[in-house]
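Take a look at the fold below before reading on. Turn it a few times and follow the chain from end to end.

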Amino acid sequence: MQLLKDRILKDGYVVSGNILKVDSFLNHQIDGRLMKEIGIEFKNRFADQKIDKVLTIEASGIAIAVMTSMVLDVPMVFAKKKKPSTMGDAYTAVVHSFTKGIDYDITVAKEFINEGENILIVDDFLANGHAALGLAKLVKDANANVAGIGIVIEKGFQNGSKLLKDNGFRVESLAIIDKLEDNKIYLK
Ligand code: G4P
């Protein structure tokens, strides 16, 4: 997606050697117009799929998922990283974060993923793929189907895409980073 690639090169920068900061339009301040274009792009890429719902994980996935759900005219639900005490029956998965070196639970109330639904998973970054795999487990536990996985920025030098594809999922990434080297961003 050229608009996104141009924006990454214009406003993104590298920290700690292998982390791309895009806080000015994706992870902190959010460019709503760009999010809308991203939603349209996901709709086009998954046009061959019947999608009943969009699923993501808090926090940075939410803006992307809301816009995608608006374009698709379907509901959106996000997995929570902390189960509220008021939440009833829920689907849960453990996700390992390599970036943070921790395991955490992700949770969605059972009432928001229904058996047989076709779910499009979206997220901001794909690094090692464990967050997306955790989301896919929630969908599977609900006897629903993963229609595909839409990623805004894939770190192509990490193994997330391979992991997801090896697990049988279709992955569509709007921008793929080949490498981050000497504080420079190399896009595919
Ligand atoms: P994985 O989910 O693909 O396995 O990757 P990992 O555990 O390494 O990622 C943990 C968090 O770090 C995720 O966000 C992920 O989106 C983010 N992340 C990974 N690589 C980068 C990067 O190069 N740049 C930025 N900006 N983020 C990256 P999170 O902790 O769930 O954060 P949030 O969604 O609450 O903002």
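The paragraphs that follow go from the nonpolar interior to buried charges, then to strands, loops and salt bridges. Keep in mind that this is a predicted model.

Start inside. Which residues touch the most other members of the largest nonpolar core? They are Leu4, Ile8 and Ile38, in a core of 30 residues. Many elements feed this core. The helices α1 (2-11), α2 (23-27), α3 (32-45) and α4 (61-72) each supply at least two residues. So much is also true of the strands β7 (118-126), β8 (145-155), β9 (171-181) and β10 (184-187). Leu4 shows how the chain comes together here. Setting aside residues up to four places away in sequence, Leu4 touches Phe25, Leu34, Ile38, Val152, Leu174 and Ala175. There is also a second, separate core. That one has 26 residues, including Tyr104, Ile113, Ala132 and Val171.

Now look for charge in the interior. Asp124 lies in strand β7. Its side chain is buried, yet it has no salt bridge. How far away is the nearest side chain of opposite charge? That side chain belongs to Lys81, and it is 8.0 Å away. Asp124 does have a polar partner. Its side chain makes a polar contact of 2.8 Å with the side chain of Asn27. Around Asp124, beyond its neighbours within four places in sequence, sit Leu26, Asn27, Ser60, Ile64, Ile151, Val152 and Ile153, each in contact with it.

Glu154 offers a parallel case. This residue is found in strand β8. Glu154 is buried and has no salt bridge. The nearest side chain of opposite charge is that of Lys165, 5.5 Å away. A salt bridge needs the nitrogen and the carboxyl oxygen within 4 Å, so Lys165 at 5.5 Å does not make one with Glu154. Here the polar partner is Ser173, whose side chain contacts that of Glu154 at 2.6 Å. Apart from residues up to four places away in sequence, Glu154 touches Leu126, Ser161, Ser173, Ala175, Ile176 and Ile177.

Next, the strands. In a regular strand the side chains alternate between the two faces of the sheet. Strand β4 (residues 76-79) shows the pattern. Val77 and Ala79 point to one face and are buried. Met76 and Phe78 point to the other face and are not buried. Strand β4 runs parallel to β3 (residues 53-57), and 4 bridges join the two. In one of these pairings, Val54 has Met76 as its bridge partner in β4.

Some backbone details deserve a stop. Which form does the peptide bond from Glu58 to Ala59 take? That bond is cis, with omega near 0 degrees. Ala59 is in the loop between β3 and α4. Two other loops hold residues with positive phi. Ser16 is not a glycine, yet its phi is about 50 degrees. This serine is in the loop between β1 (13-15) and β2 (19-21). Its relative accessibility is 69%, so Ser16 counts as exposed. Asn143 has a phi near 60 degrees, also positive in a residue other than glycine. Its place is the loop between α5 (130-141) and β8.

Finish with the charged pairs. Side chains of opposite charge can pair when their charged atoms come close. The count here is 13 salt bridges. One joins Arg7 and Asp11, with the closest N and O atoms 2.6 Å apart. These two are 4 residues apart in helix α1, which means about one helical turn separates them. Helix α3 has a similar arrangement. Arg45 bridges to Glu41, with closest N and O atoms 3.0 Å apart. They too are 4 residues apart, so about one helical turn lies between them. Arg45 is partly exposed, at 24% relative accessible area. Glu41 is partly exposed as well, at 22%.

Arg45 has a further partner. Glu172 forms a salt bridge with Arg45, the closest N and O atoms being 3.1 Å apart. This pair links distant parts of the chain, with Glu172 in strand β9 and Arg45 in helix α3, 127 residues apart. Glu172 counts as buried, at 19% relative accessibility. What brings these residues together with Asp48 and Arg170? A network of salt bridges links Glu41, Arg45, Asp48, Arg170 and Glu172.

Key: Residues numbered from 1 in each chain as written. Predicted model: local features only at pLDDT ≥ 70, side-chain atom pairs only at ≥ 80, totals over all residues. Heavy atoms only, no water. Core = buried A, V, L, I, M, F, W, Y, C linked by side-chain atoms within 4.5 Å. Buried < 20%, exposed > 50% of the residue type's maximum accessible area, 1.4 Å probe, protein only. Contact = heavy atoms within 4.5 Å. Lys, Arg positive; Asp, Glu negative; His and termini not counted. Polar contact = N/O pair within 3.5 Å; in protein donor to acceptor, adjacent residues only side chain to side chain. Pairing = 2+ DSSP bridges.
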